[in-house]
Each structure stands twice: as structure tokens, then as C-alpha cells.
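Welcome, and please open the structure in your viewer. We will move through it one selection at a time.

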Amino acid sequence: MNRKMLEDMGLTKEQVDAIMKENGENIEHAKEGLNAQIEELTKERDGYKDQITERDKQLNDLKKAAKDQKELQEQITQLQEDNKAAVEAHKAEMKQLRIDNAVEKALTESGARNAKAVRALLDLDKAELADDGTVKGLDAQLKALKGAEDSRFLFSEKKATIKGAKPGESGDIDPSGRETDPAKMSYEDFVAQAKENPEG
């Protein structure tokens with residue numbers, strides 16, 4: 001999709017600008033998703049490397065410092081417990097990172113206009129990942145929010161419409177003077193539009 005192709009279709013400059021902006025935002029979302037995955041894998045790799053390095057150092061220090069068998073055994077036992085706790089903590093951190101990335105991806109794909117606002121309405125306290133990398137039950141929660149009267153305005157429609165393409169449509173400002181372009185609308189505009197168009 002490029003500007004010239006849209007202009008050749010007879011669209012106005014404002015319409016072309018709006019479409020190009022939305023297309024650019026979609027590309028940025030995709031880039032953010034890839035960057036998050038790279039960051040996740042890099043963090044996991046570095047975390048394990050750091051743990052191995054720290055364990056080796058602790059064991060070497062232990063060998064030098066231990067003066068008798070009892071003291072040595074006690075320190076080894078404590079070290080093993082500490083290392084086990086560190087591994088479990090790291091696993092939990094990695095799990096949460098994967099869940100966060102999966103949630104962000106689902107919010108983008110669902111058409112959430114404000115990911116932070118929608119996420120605040122989700123129940124993620126006991127979130128678990130499915131085999132396909134998605135969060136169990138998240139799709140159902142998003143569908144429920146998209147269908148609810150008091151939250152459907154937080155999502156954009158799947159089928160994009162071009163303002164001004166029909167007779168009588170003036171563009172991004174409705175007769176009341178309120179902004180109607182989703183990319184520019186405030187929270188108050190979203191609420192007002194949802195009340196005026198409950199089936200929208």
C-alpha cells in the first residue's frame with residue numbers, strides 16, 4: 001500500500017493521511033512484537049549464563065573457605081537451596097514475560113484502541129499459557145469485552161471505513177464538532193460515541 005495508489009483511487013489527502021497513519025501503526029506493532037520476542041530470548045539466555053557463572057564462583061569460594069567436613073556440607077546444602085530458589089524465581093520471571101508478550105499480541109490482534117485500558121479490565125491473576133503460546137481464556141475475555149455495552153467502544157471495528165466516502169460525510173468531525181477519527185479521539189469522545197451508537 002502506498003500513497004500514490006490511494007490517491008489514484010480518488011481519496012482526499014486527509015483520507016490518505018489517515019490510512020497511511022493506521023498502516024504505519026500496524027507495522028510498528030509488528031516490530032514491537034518481534035523486538036519483545038528477541039528481548040525475551042536474550043534475557044533468558046543471559047539469565048542462565050549469569051546463574052552458571054555465579055554458581056561456579058560460589059563453589060570455588062566454598063572449596064577454599066571450608067575448614068572441615070561439617071562446615072563444608074552445611075554450606076553446600078545452603079548453596080544448593082539458594083541456587084534452587086534462584087532457578088525457580090528465574091522461571092517465574094520468564095513465564096510472566098511470555099504471558100505479558102502474549103497478552104500484548106492478543107490486544108493488538110483484537111483491535112484494542114487503548115491496550116492499557118483494556119488490559120485493566122482483564123483477569124490475569126492466574127494466567128496460564130496454552131501450548132500454542134496464547135493465554136488460556138484470554139480470547140473469551142476479549143470477546144466478552146467487545147460485546148459488552150460499556151466496553152465495546154474500546155475496540156475498533158474489523159472492517160475499516162473511510163470517512164467522507166459517502167455523500168453527506170464531511171470527514172473526521174461530526175456535526176456536533178466532535179472528533180470522529182479513532183486515531184485522534186479522546187476517551188470522552190469514545191464514551192460519547194458509544195452512547196450515541198450503542199449498536200456500533
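Begin by selecting H3 and H5 together: they pack at an angle of about 35°, with their axes 11 Å apart. Axes here are lines fitted to C-alpha atoms, for helices over the stretch in contact, and angles run from 0 to 180 degrees between N-to-C directions. The crossing of H3 and H5 is right-handed; a crossing gets that name if the near helix is turned clockwise from the far one by less than a right angle, and is left-handed if anticlockwise.

A word on what you are viewing: this is a predicted model, in which local features need pLDDT of at least 70 and side-chain atom pairs count only at pLDDT 80 or more, while totals for chains, interfaces and linings use all residues. Residues are numbered from 1 along each chain as its sequence is written, and side-chain values use heavy atoms, with hydrogens and water left out.

**Where the two helices touch**

Which residues meet between H3 and H5? Show Val103, Ala106, Leu107 and Ser110 in H3, then Leu138, Leu142 and Lys146 in H5, which they meet (contact means heavy atoms within 4.5 Å).

**Around H5**

Now keep H5, residues 138–147, where Leu138, Leu142 and Leu145 are buried. Buried means under 20% relative accessible area, exposed over 50%, and partly exposed in between, with a 1.4 Å probe and protein chains only. These three leucines lie on the same side of H5 because they cover an arc of only 60° around the axis, the arc being that of the directions from the helix axis to the C-beta atoms. The buried residues of H5 pack against H3 and helix H4 (115–119). Turn to the face pointing away from the buried side, and you will find the exposed residues Ala140 and Lys143.

**Along H3**

Select residues 69–110 to see the whole of H3, which has 42 residues. From first C-alpha to last it reaches 61 Å, close to the 62 Å expected at 1.5 Å a residue; the expected span is 1.5 Å times one less than the number of residues. Its buried residues include Leu79, Asn83, Val87, His90 and Met94. Just after H3 comes Gly111, whose phi is positive, near 85°.

**Salt bridges**

How many salt bridges does a search of the whole structure find? The search finds 11, each a side-chain nitrogen of Lys or Arg within 4 Å of a carboxyl oxygen of Asp or Glu.

Pick Lys43 and Glu93, whose closest N and O atoms are 2.8 Å apart in a salt bridge. This pair links distant parts of the chain, with Lys43 in helix H2 and Glu93 in helix H3, 50 residues apart. Lys43 is partly exposed at 38% relative accessible area, and Glu93 is partly exposed at 39%.

Next, try Lys13 and Asp17, a salt bridge with its closest N and O atoms 2.9 Å apart. They are 4 residues apart in helix H2 (residues 13–65), so about one helical turn separates them. Lys13 is exposed at 57%, whereas Asp17 is partly exposed at 28%.

Finally, select Glu40, Glu44 and Arg98, which are linked in a network of salt bridges.

**Zooming out**

Show the whole chain again: there are 6 helices and 0 strands (helices are DSSP runs of H or I with at least four residues, strands runs of E with at least two, numbered from the N terminus). Of the 200 residues in the chain, 22% are buried.
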